[in-house]
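Got your viewer open? Take a seat and get ready to click along, one selection at a time.

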Amino acid sequence: MTIFHKIINREIPADIVYEDDLCLAFRDINAQAPTHVLIIPKEQIVSLDELDSDHQLLMGHLLLKVREVAKSLGLSGGYRIAVNCGEDGGQSVDHLHIHLFGGRKLNWPPG
Ligand code: AMP
């Protein structure tokens with residue numbers, strides 16, 4: 001069980017900004033931008049690499065929720081999402097998550 005599963009189960013606290021049956025969005029504990037939120041599926045999926053066609057609707061749902069959360073947090077100037085996958089991708093928590101960054105002009109390319 002990962003730390004994100006514990007957040008879903010309310011075993012450890014998080015600053016939750018959105019929740020529905022399929023997903024949870026909460027602020028990253030180590031924010032890299034004025035707004036840094038993680039959007040995660042409630043289903044335990046390790047990474048992007050574990051997805052199959054059964055997850056098509058879920059992933060569409062997550063992306064639409066990114067947009068909704070960005071809007072609700074006032075990111076009218078734009079924002080960025082990132083999904084780290086695997087060791088080389090910099091993934092440190094083995095539960096699929098979408099990073100949402102905003103609130104400042106973001107640099108490109110990322111490191
Ligand atoms: P990644 O490196 O892509 O796997 O991202 C994992 C993210 O989870 C990092 O940005 C961490 O700061 C964040 N994180 C780890 N533990 C927590 C927690 N308890 N609450 C909120 N964010 C967390």
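This tour starts at the ligand and then moves out to a few other spots. Keep in mind that you're looking at a predicted model.

**Stop 1: the ligand.** Select the ligand and show the surface of the protein around it. You're looking into the largest pocket, and that is where the ligand sits. Now select the residues around the ligand: 16 of them surround it. The closest are Asp28, Asn84, Ser92, His97 and His99. Try colouring this shell by class, and you'll get 7 nonpolar, 7 polar and 2 charged residues.

**Stop 2: polar contacts.** Next, pick histidine 97 and show its side chain. An N or O atom there is 2.9 Å from an oxygen atom of the ligand. Then switch to the backbone of glycine 90, where an N or O atom lies 3.1 Å from a ligand oxygen. Move on to valine 93: a polar atom of its backbone is also 3.1 Å from an oxygen atom of the ligand. How much of the ligand's accessible area does the protein cover? On its own the ligand has 500 Å², and the protein covers 84% of that.

**Stop 3: who builds the shell?** Colour α1 (3-8) and β2 (23-27), since each of these supplies at least two residues of the shell around the ligand. Which element gives the largest share? That's α1, with 3 residues.

**Stop 4: two rings.** Stay with these elements and look for aromatic rings. The structure holds 1 aromatic pair. Select phenylalanine 4 and phenylalanine 26 to see it: the rings sit edge-to-face, 5.4 Å centre to centre, with 75° between the planes. Phenylalanine 4 belongs to helix α1 and phenylalanine 26 to strand β2, so the pair ties together parts that are 22 residues apart in sequence.

**Stop 5: backbone oddities.** Follow the chain to arginine 10, in the loop between α1 and β1 (16-19). Check its phi angle: arginine 10 has a positive value of about 65°, although it's not a glycine. Finally, jump to proline 109, in the segment after β5 (98-102). Zoom in on the peptide bond that leads from tryptophan 108 to proline 109: this bond is cis, with omega near 0°.

Definitions and conventions. Residues numbered from 1 in each chain as written. Predicted model: local features only at pLDDT ≥ 70, side-chain atom pairs only at ≥ 80, totals over all residues. Heavy atoms only, no water. Near = heavy atom within 4 Å. Polar contact = N/O pair within 3.5 Å; in protein donor to acceptor, adjacent residues only side chain to side chain. Areas by Shrake-Rupley, 256 points an atom, 1.4 Å probe, with all protein chains shown as cover. 1 Å grid on protein atoms, 1.4 Å probe; cavity = no way out; pocket = protein on both sides within 12 Å on 5 of 7 lines; lining within 4 Å. Sits in = over half its atoms within 2 Å of the grid points. Helix = DSSP H or I, 4+ residues; strand = E, 2+ residues; numbered from the N terminus. Nonpolar A, V, L, I, M, F, W, Y, C, P; charged D, E, K, R; others polar. Phe/Tyr/Trp six-rings, centres within 6.5 Å; stacked < 30°, edge-to-face > 60°.
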